[in-house]
Every structure is written in structure tokens, then in C-alpha cells.
Amino acid sequence: MFRLDAGSGVPIYRQLVQQVRRDVMLGRLKPGEQLPTVKEVVEALAVNPNTVVKAYGELEHGGIVVRRQGVGTFVASAPPTPPLEAPPALLAALVRWVRRARQEGLSAEQIRALVALALDEPGTGAAVHRSAGGAA
């Protein structure tokens with residue numbers, strides 16, 4: 001279920017948190033669905049159990065998962081972020097763009113940086129809008 005990117009500079013627990021958040025937002029993980037046990041994650045990824053416990057604790061604190069003593073960790077019945085419903089054509093265009101970026105030799109980290117840059121561009125809703133004729 002989880003994949004680690006050792007070269008990303010992002011701590012392992014943070015990568016686990018980000019992946020669960022993303023999978024819940026994308027609807028890959030549904031409310032009530034059980035996450036792998038700490039033991040399963042440790043065996044699959046060869047990481048310290050405390051790393052997984054820390055990730056699951058942060059997810060629980062954020063209301064994304066609930067832990068049931070002796071049973072496991074489950075996606076919350078009402079996660080704070082509802083599942084994303086992207087139009088299929090938009091997703092297909094994005095997949096094509098990422099494929100092209102990879103063909104051009106860009107790494108996943110470089111692609112993420114370009115997406116972050118695009119999100120900060122004026123007109124995307126994230127940046128402060130400047131008037132046409134003057135300074136902000």
C-alpha cells in the first residue's frame with residue numbers, strides 16, 4: 001500500500017501520512033476501510049515501528065483515521081476532507097501532461113515543483129491577485 005521515496009528528503013512518517021491523506025481524498029481508501037497494521041507496514045517497508053505509530057497518530061489527531069484498540073486502524077466514517085471528484089477529462093489531461101514531463105526527463109520531485117509553481121501563479125486562485133496597472 002505504501003511507497004517510500006528515500007531521496008525526497010521528506011521524513012518517512014510524513015510520506016505515510018501524505019499517502020493516506022491522498023488516498024482518502026481520491027477515494028482509494030473508503031470510510032471504514034482498515035489500514036495495514038503497524039507490523040505489516042514495518043515488515044513491508046523495513047522501517048521502525050515508532051515511525052508507523054507516529055504517522056498513524058498524526059492521522060488520528062487529524063480526524064482521518066480512528067484506532068480501535070486490539071482491532072486496528074480504520075479510515076474515519078466522516079474524514080475531514082471529502083473525496084475528490086475530478087472530471088475524467090481533467091484527470092486524463094493531467095496524466096498526459098505528467099507522462100510528457102517524464103518523457104522530457106523530469107523527476108517526480110521536479111514535476112511536483114512545477115505543479116506547485118503553477119498553483120502559485122496569478123489567476124489560479126491561490127496567489128494574491130494584482131490589479132492590471134499597478135503594484136499589489
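# Helix crossings and charges over rings

Mentor: Let's start with α1 and α3, which cross in a right-handed way. Mind that this is a predicted model: local features need pLDDT of at least 70, side-chain atom pairs count only at pLDDT 80 or more, and totals for chains, interfaces and linings use all residues. Residues are numbered from 1 along each chain as its sequence is written, and side-chain values use heavy atoms, with hydrogens and water left out.

Trainee: Why is that crossing called right-handed?

Mentor: The near helix is turned clockwise from the far one by less than a right angle; anticlockwise would make it left-handed.

Trainee: And what makes α1 oblique to α3?

Mentor: Helix α1 (residues 12–25) and helix α3 (residues 49–61) have axes that cross at roughly 40° and come within 8 Å. Angles under 35 degrees count as roughly parallel, over 145 as roughly antiparallel, 65 to 115 as roughly perpendicular and the rest as oblique, so α1 is oblique to α3. Axes here are lines fitted to C-alpha atoms, for helices over the stretch in contact, and angles run from 0 to 180 degrees between N-to-C directions.

Trainee: Which residues of α1 and α3 make the contact?

Mentor: Contact means heavy atoms within 4.5 Å. Among them are Y13, L16 and V20 of α1, and V52, K54 and A55 of α3.

Trainee: How do you know that K54 sits over a ring?

Mentor: The rule wants NZ of Lys or CZ of Arg within 6 Å of the ring centre and within 35 degrees of the ring normal. K54 lies over the face of Y13, at 4.1 Å from the ring centre. R68 has its charged end over the ring of F74, 4.3 Å from the centre.

Trainee: What makes α4 and α5 oblique to each other?

Mentor: The axes of α4 and helix α5 (residues 108–120) cross at roughly 130° and come within 10 Å. That value falls in none of the named ranges, so the two are oblique. W97, V98, A101 and R102 of α4 meet I111, L114 and V115 of α5.

Trainee: How do you know that α4 has close to its expected span?

Mentor: Expected span is 1.5 Å times one less than the number of residues. Helix α4 (residues 88–103) has 16 residues and reaches 22 Å from first C-alpha to last, close to the 22 Å expected. Just after α4, G105 takes a positive phi of about 95°.

Note on methods:
Helices (H or I, at least four residues) and strands (E, at least two) are DSSP runs, numbered from the N terminus.
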